[in-house]
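Me: I would like to work through the strand and helix arrangement of a model, one question at a time, with the reasoning spelled out.

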Amino acid sequence: MGQLAGHPNKSIALIGLMGSGKSTLGRQLARRLERPFFDTDEAVEAAAQLTINDIFERFGEAHFRQLEREVLASLMGEPAKVIATGGGAFADEVSRHLLLERTVTVWLDVDLDAILDRVGNDDARPLLRGREPRAALTELARSRKPLYEQAHLRVGDSGLTLDAVVDRLAAALSERGG
Ligand code: S3P
């Protein structure tokens, strides 16, 4: 699939909880759509010259959100990409509005158990540090669901291969006209 009808200039932004596969799926979708891939977490780390954990520890979450907003804003004048956002970007009001207005947003709505398998013991996730992972993720899922539901498109992954999810998503984006 080359250019999308309708909105070929709009980036596609993947949103959803940590561990929902935004980066993995995003890279594959970008290849399929022949667009550059961009990961906001990586860009924030590069801009700050610190890991996300260190940013949270030294400057707090509010500072991380500000950097995340700046990274997202800097992308808006650029050629259309596939963007993997950090799990909390869409929960930030400023970033959410920007993404909703300027990109086609796709919520990766993945089962909590699958997410727990991936991130349960991951020390690099500041919002899980020192917390019981299932309880922390259940709470994040509950509070963010009403926001994630505002995404333009939603895609699940239950029982599907990565290729099949990319197929579905590419078809849905094409139907939607970008
Ligand atoms: C966060 C998710 C992380 C990262 C940061 C905060 C969140 O990104 O941005 O740790 O608030 O859910 P991933 O969703 O890529 O893990």
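The questions and answers below concern this predicted model, beginning with its sheet and ending with a pair of helices.

Me: In what order do the five strands of the open sheet lie?
Reply: The edge strands, each of which pairs on one side only, are β2 (37-39) and β5 (153-155). Strand β1 is joined to β3 by three bridges and to strand β4 (residues 103-108) by five bridges. The pairing in this open sheet is parallel, and the order of the strands is β2-β3-β1-β4-β5.

Me: What is the average twist from one strand to the next?
Reply: The value refers to the open sheet of five strands with parallel pairing. From one strand to the next, the twist averages 25°.

Me: Which residue of β4 is the bridge partner of Ile15?
Reply: Ile15 belongs to one of the two covered faces of β1, together with Ser11 and Ala13. Strands β1 and β4 run parallel and are joined by five bridges, and within β4 the bridge partner of Ile15 is Trp107.

Me: Are the residues of strand β1 (residues 11-15) buried or exposed?
Reply: Ser11, Ala13 and Ile15 lie on one side of β1, while Ile12 and Leu14 lie on the other, and both faces are covered. With the cut-off for burial set at under 20% relative accessible area, five of the five residues of β1 are buried.

Me: Which residue of β3 is the bridge partner of Phe37?
Reply: β2 pairs with strand β3 (residues 82-84) in the parallel sense, over three bridges. On the β1 side, Leu14 has Ala84 of β3 as its bridge partner, whereas the partner of Phe37 in β3 is Val82.

Me: Which strands does α2 touch where it packs on the sheet?
Reply: The direction of α2 makes about 60° with that of β2. In packing on the sheet, α2 touches β2 and β3.

Me: Why are α2 and α4 described as roughly perpendicular to each other?
Reply: The axes of helix α2 (residues 40-48) and helix α4 (residues 61-75) come within 9 Å. Angles of 65 to 115 degrees count as roughly perpendicular, and α2 and α4 therefore fall into that class, since their axes cross at roughly 110°.

Me: How do the residues of the contact of α2 with α4 divide into nonpolar, polar and charged?
Reply: From α2 the contact involves Thr40, Asp41, Ala43, Val44 and Ala48, which meet Phe64, Leu67, Glu68, Val71 and Leu72 of α4. By residue class, the contact divides into seven nonpolar, one polar and two charged.

Conventions. Residues are numbered from 1 along each chain as its sequence is written. This is a predicted model: local features need pLDDT of at least 70, side-chain atom pairs count only at pLDDT 80 or more; totals for chains, interfaces and linings use all residues. Side-chain values use heavy atoms; hydrogens and water are left out. Axes are lines fitted to C-alpha atoms, for helices over the stretch in contact, and angles run from 0 to 180 degrees between N-to-C directions. Helices (H or I, at least four residues) and strands (E, at least two) are DSSP runs, numbered from the N terminus. Angles under 35 degrees count as roughly parallel, over 145 as roughly antiparallel, 65 to 115 as roughly perpendicular and the rest as oblique. Contact means heavy atoms within 4.5 Å. Ala, Val, Leu, Ile, Met, Phe, Trp, Tyr, Cys and Pro count as nonpolar, Asp, Glu, Lys and Arg as charged, and the others, Gly among them, as polar. Two strands pair if DSSP finds at least two bridges between them. Buried means under 20% relative accessible area, exposed over 50%, partly exposed in between (1.4 Å probe, protein chains only).
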